[in-house]
Amino acid sequence: MSGSLRRYLDPLRELTLARFREQLRQPEVLFWVFAFPVLLALALGLAFRNRPAETIHVAVESGPGAEALLDDLQATGGFAASVVSPEVAQEELRTGQVALVVVPGDSLVYRFDPTRSDSRLARLATDNALQRAEGREDVRVTRDRLVTQRGARYIDFLIPGLLGLNLMSTGMWGCGYSVVDARRRKLMKRLLASPMRRSQYLLSFISARLILLLPEVVVLLGFAAAVFGVPVRGSVLSLGVVALLGAMCFAGMGLLTASRAQTAEAVSGLMNLVMLPMWVLSGVFFSSSRFPAAMQPFIRALPLTALNDALRGVMIEGASLGALAVPLAICALWGGASFALALRVFRWH
Amino acid sequence: MSSAPPAIRCRSLAKRYKDVIAVDGIDLDVPSGECFGLLGPNGAGKTTTVEMIEGLVAPDGGEVEVLGLCWERDAIALRERMGVALQETRLAERLKVVEVIRLFRSFYSEGHDVEEILDVVELGEKRDAWVEKLSGGQRQRLAIACALVGNPDILFLDEPTTGLDPQSRRQLWDVIEQFKSRGGTVVLTTHYMEEAERLCEHVAVMDHGKVIALGSPRELIASLGADHVIEFALGDGAPSLPESVLAALPGVEAVRHDGPRYTLTAAEPHCVIPALMVELERRGVAMTELLTHQASLEDLFLSLTGRHLRDT
């Protein structure tokens, strides 16, 4: 290695080590980087685990013929039904205790809210059960073959999203907060009075992120694989490249967000302003395709949406890097532009 | 003074922050190898002056030359040759002492061994302690260690001993004297007169962004005309004494008074005090306090501005 290159890399290594040590020596940082995403994955994985086919809750309004309908439903199985007064039935439907109210009479009336998917399901199942009990014959013979596949469950969707979210938070906070802290303590000013180069200082944030990246990804994905059996279908190398690009992208955005702020409060506000929309819009917890079509171009352009798409592409679909060129380019663009802008507007004092 | 080029040369240096003129066109020459003190109350412009010389604040006007180099052309070379301890810098709290010094050492292409510097500032025992566990004096010695580790030719210390106990202060003075004894130049800001008198060959007294007195501590004190100060106070409700009466006492050079407190400057206090007692007796006024001390830079500042250094 040439002398001048070593003269450049020595301070970079020491700055990186300093940053890395400082982070490791703060238990709260370790919690947010490692424990928090695992706990979130655990909680959401349990809450949204795939359950056996659910019981359908139905209320039958009291009246002539109500008891017969109740018998039919109970004989079919899979229903939790009871006969109640019209007022109570109305109340139970309104509060979601039942998915459907059956009103007996010459023609049966099903009362339900069509915007509730469980109600629509209950209407189909109840009608089917009652029609059959009254003697309807199916015209074709059908059989069910049941499959539950790894990779198609909610947890399989969730884990890449949480990984993306974590890469965003640690990148933004890890770089942004340290910058403001150093500025506030005048440590940055003191460093500038030494022969340290400004680029060494900024690059040390990026390199410290790189060191932390590997354990960060391994802990979350290892946990997801061990506890929920979440697969990684694509190559580990592709996953590494996507995670790396994501981490760099948000490190750049963190530096930009912190490039002018002078207090912890100011930078916290800015960070939240940048990150909160992506928490909601970028398809971390549910698919971003649920938002109206008019918003989609905007949502697609967000760096976290792109990162999550790429992570899901690799993990769920086993996509190659070539197939992910668009989201990867979006990440690279955000990161590069943020870093370049941060360099221009950075407040060194 | 020697004919060697000055370590620092400033001409008409000026800096303004919005409506406030922080530094109002000052000239300074600091000879190589000496300790130069900038004295003055808070807000006098000391820190701004030093930070312009250190290349951290861009002057609005004037010139700065350090070690014959200037900031526009030779910034990196200059930073290699200077050591800086800013006012109240808090270094990384969760790094060990030795890690902080090693970090700063890595910035310089040449410098001291880290362990050697730990010994110089007497932090060997705290080598592996986190910065957040250090006392105020230890933190300041660490700051100076970081300033010394690149083996600088010139050392800038901005209020290095503010808020320290006397023992920590003396420890720091020893470190600074060691550096000087090896030929280093020191620029020091302080509002402790005792510190300037002990360490500095020359001092500039600053007030409102201007240098109001410049010279060796001895010369400046001598400019008061006498080297003893007598302070006394009268009881509440006592009639005030005309200054002319006090000035007429034998050997009194100057008189100043602030309410019931009087300050006399005199060459020979043993002649003034008996005469003063006789005068007070004759007027039937009681004295409640009497102090005498050697005239100091503090008294100089008071005589120049009418204000005390620390309560402005």
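Student: Among contacts in chain A between residues at least 6 apart in sequence, what percentage join residues at least 24 apart?

Tutor: In this predicted model, the share is 73%, where a pair counts as a contact because the two C-beta atoms, placed from the backbone, lie within 7 Å.

Student: How do you know how chain A compares with a compact globule of 349 residues?

Tutor: The globule rule, which is 2.2 Å times the number of residues to the power 0.38, would give a radius of gyration near 20 Å for 349 residues, whereas chain A has 28 Å, and therefore chain A does not have the value of a compact globule. Along its principal axes, the C-alpha trace of chain A spans about 95 × 40 × 40 Å.

Student: What makes a residue of chain A count as buried, and what percentage do?

Tutor: A residue is buried if 20 or more other C-beta atoms lie within 10 Å of its own, and 38% of the 349 residues of chain A count as buried.

Student: How many residues of chain B are in contact with chain A?

Tutor: With the same 7 Å cut-off between C-beta atoms, 22 residues of chain B are in contact with 20 residues of chain A. On that side of chain B, α2 (71-81) and α3 (97-107) each supply at least two residues, and the largest share, six residues, comes from α3(B). By class, the residues of this side divide into eleven nonpolar, three polar and eight charged.

Conventions:
Residues are numbered from 1 along each chain as its sequence is written. Chains are lettered from A and ligands numbered from 1 in the order in which they are written. This is a predicted model: local features need pLDDT of at least 70, side-chain atom pairs count only at pLDDT 80 or more; totals for chains, interfaces and linings use all residues. Helices (H or I, at least four residues) and strands (E, at least two) are DSSP runs, numbered from the N terminus. Ala, Val, Leu, Ile, Met, Phe, Trp, Tyr, Cys and Pro count as nonpolar, Asp, Glu, Lys and Arg as charged, and the others, Gly among them, as polar. A residue is buried if 20 or more other C-beta atoms lie within 10 Å of its own, exposed if 12 or fewer, and partly exposed in between; C-beta atoms are placed from the backbone.
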